[in-house]
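Work through the following exercises on aromatic rings and their surroundings with the coordinates at hand. Each task is followed by a solution in steps.

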Amino acid sequence: MNKQFANDIITGLSASEKHLSSKFFYDDAGSRIFQEIMQMPEYYLTNSEFEILSEQAGAIYKALLFNEPFNIVELGAGDGSKTFQLLEYLVNKKIDFHYTPIDISQEAIDILSEKLKETLPQLSIQPKVGDYFEMLKETKADEIPSLLLFLGGNIGNYLEAEALALLQLFYQNMDKGDKLLIGMDIKKNPITIHEAYFDRHGITKRFNINLLKRINREFEADFDLEAFDFYCHYSPETGEVKSYLVSLKEQVVAIKGLEKSFQFQKNELLWTELSKKYAIPEIEQLAETSGFKVLTHFKDSKQYFTDSLWVK
Ligand code: AVJ
């Protein structure tokens, strides 16, 4: 049994304002649904970051100022289709580096490894499955410089204090001169953001419902998947997209595996996700507070998204 998940369920569903962590979205099924989200035209984050990594790979490499060989360690690699652009550039330029993708989904890592073996056979790759930090500690051991990749806007899922703690943890596990390339979604027209998250295809809804499905499977729970809907909203003032499951009726959910049951009122919310959008000065503040120096913001042509390069 996943202890961390069990604790999150008990704490989150016992709270007066119910919540669950979006980090548990990514079982194999959830990772697949996330692939579908990334393929929606409304989910601009994918295209924006793809453009950055395709068109600015050379500039990113130049800004690293690394001696060879070096490591690229990617946290939450997923399907790696955006990172591919950067990797391909480096391999074509015959640059000497190793790539260590880390993800919590075994399936996602298997697919990524297979794909890279076929498309970039010259790439030196050592994939890892598991928790970021355990893996980070392992990769820190060698002498060569590292570029840490934390792409896709994943940092936006963390509350401010947690984001800061995470960045500080990255910092502690890096050597002086190591770099972090971090993907962050920029504040923009709220309508654009709304359409990316409250998508008309219902894929993001399925992504959220899958969390209940996962609890049903892993903890023998009896969530009625038809009795919950999805709601989300973007607040331009705070830059926060907040996502929820909505209980459509008064109901009791039994979770056999945890020997607990939880009552939901009609229309009660279960908060599942935060997706934070940043203004550039906020990003610089976050970097500074966690000890980093910002080198460059690599933005797409629409200025929707930034892969920001920080140095320890
Ligand atoms: C993978 C965390 C970047 O918050 O935009 C997509 C996940 N949630 N649609 C995000 C997500 C709803 C995504 N991140």
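**Exercise 1.** Is Phe-24 buried or exposed, and what is its relative accessible area?

*Solution.* The model is a predicted one. The relative accessible area of Phe-24 comes to 5%, and since buried means under 20%, Phe-24 is buried. The same cut-off of 20% applies to Phe-5, which has a relative accessible area of 1% and is therefore buried.

**Exercise 2.** Classify the ring pair formed by Phe-5 and Phe-24, and locate both residues along the chain.

*Solution.* The pairing rule yields a count of 22 aromatic pairs. For Phe-5 and Phe-24, the ring centres are 4.3 Å apart and the planes meet at 20°, so this pair is stacked, given that planes under 30 degrees apart count as stacked. Phe-5 belongs to helix H1 (residues 3-14), while Phe-24 lies in the loop between H1 and helix H2 (28-39), so that the pair, 19 residues apart, links distant parts of the chain.

**Exercise 3.** Which geometry does the pair of Tyr-26 and Phe-34 adopt?

*Solution.* With 5.8 Å from centre to centre and 85° between the planes, the pair of Tyr-26 and Phe-34 is edge-to-face. Phe-34 has a relative accessibility of 19% and therefore counts as buried. Both rings belong to a cluster linked by ring pairs, which also includes Phe-25, Tyr-43, Tyr-197 and Phe-207.

**Exercise 4.** Over which rings do Lys-242 and Lys-312 lie?

*Solution.* The charged end of Lys-242 is placed over the ring of Trp-271, 4.6 Å from its centre. Lys-312 lies over the face of Tyr-171, at 4.4 Å from the ring centre.

Notes: Residues numbered from 1 in each chain as written. Predicted model: local features only at pLDDT ≥ 70, side-chain atom pairs only at ≥ 80, totals over all residues. Heavy atoms only, no water. Phe/Tyr/Trp six-rings, centres within 6.5 Å; stacked < 30°, edge-to-face > 60°. Helix = DSSP H or I, 4+ residues; strand = E, 2+ residues; numbered from the N terminus. Buried < 20%, exposed > 50% of the residue type's maximum accessible area, 1.4 Å probe, protein only. Lys NZ or Arg CZ within 6 Å of the ring centre and 35° of its normal.
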